[in-house]
Amino acid sequence: MIVEINPSPALERLLNLLHRRVKAGASKDEFNLIMRTIELINERRPIFKDDEQYVYYIGADEPSRAPYRVTLNSCTCPRSNERTCKHRLLVAALEGKTIDTEGFEYTRRKKVVKQEETLQLV
């Protein structure tokens, strides 16, 4: 059965995590990850839980996109290749699981610049 989830209990856990990590000297990426997760709650994105499949569905960033399918270990969002993402962090907070964000860094995309060889005639 799929039911809508109230994310309010997760908000307190995330705020406590933010407080602890800032005191411990969180990196900019770690701070941004936690803040973006809190913003998911503040934006009132719809959150549903499917108890039979043990999966959550969280409203996507753009209304025209399908909701992201999220578990503690996987997510269908564009940042799913990261160690964690804001959606998995939210699910962990909803489940009351221990959340480890220490040392988190976003994977940076590198631009590849092609240089054309220029031939000069002498």
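**Backbone turns, a covered helix and a salt-bridge network**

With a relative accessibility of 74%, Arg 44 counts as exposed, because anything over 50% falls in that class. That is a handy place to start in this predicted model, since the backbone at Arg 44 stands out too: phi is positive there, about 55°, even though the residue is not a glycine. As for where it sits, Arg 44 belongs to the loop that runs between α2 and β2.

Tyr 54 tells a related story. Here phi is near 50°, again a positive value in a residue other than glycine, and the residue is found in the loop between β2 and β3. Tyr 54 has a relative accessible area of 42%, so it is classed as partly exposed. A further positive phi turns up at Gly 96, just after α3, where the angle is about 75°.

That brings the text to α3 itself. This helix spans residues 86-95 and is mostly covered, with nine of its ten residues buried. The buried set starts with Lys 86, His 87 and Arg 88, carries on through Leu 89, Leu 90 and Val 91, and finishes with Ala 92, Ala 93 and Leu 94. What does the covering of those buried residues include? Two helices are part of it, α1 (8-23) and α2 (28-42), along with the strands β2 (47-50), β3 (55-58) and β4 (68-70).

Glu 95, also in helix α3, is partly exposed, because its relative accessible area is 22% and the buried class stops at under 20%. The side chain of Glu 95 pairs up with that of Lys 49 in a salt bridge, at 3.4 Å from N to O. This pair ties together distant parts of the chain, as Lys 49 lies in strand β2 and Glu 95 in helix α3, 46 residues apart. Lys 49 has a relative accessibility of 16%, so it counts as buried.

Lys 49 has another partner as well: its side chain meets that of Asp 51 in a salt bridge of 3.7 Å, N to O. Asp 51 comes out as partly exposed, because its relative accessible area is 46%. Put together, Lys 49, Asp 51 and Glu 95 form a linked network of salt bridges.

How many salt bridges does a search of the whole structure find? The count is four. One of them joins the side chains of Glu 30 and Arg 21, with 2.4 Å between N and O. Both Glu 30 and Arg 21 are buried.

Then there is the matter of empty space. Rolling a probe the size of a water molecule over the atoms shows where such space is left. The largest pocket holds about 200 Å³. Some of its lining comes from residues already met in α3, including Arg 88, Leu 89 and Ala 92. The rest of the lining is made up of Leu 72, Asn 73, Arg 83 and Thr 84, plus Thr 98, Ile 99, Asp 100 and Thr 101. Sorted by class, the lining is a mix: four residues are nonpolar, four are polar and three are charged. Arg 88, Leu 89 and Ala 92 thus appear twice in this account, among the buried residues of α3 and in the lining of the largest pocket.

Note on methods:
Residues numbered from 1 in each chain as written. Predicted model: local features only at pLDDT ≥ 70, side-chain atom pairs only at ≥ 80, totals over all residues. Heavy atoms only, no water. Buried < 20%, exposed > 50% of the residue type's maximum accessible area, 1.4 Å probe, protein only. Helix = DSSP H or I, 4+ residues; strand = E, 2+ residues; numbered from the N terminus. Contact = heavy atoms within 4.5 Å. 1 Å grid on protein atoms, 1.4 Å probe; cavity = no way out; pocket = protein on both sides within 12 Å on 5 of 7 lines; lining within 4 Å. Points joined across faces, edges and corners; volume = space filled by probe spheres on them. Nonpolar A, V, L, I, M, F, W, Y, C, P; charged D, E, K, R; others polar.
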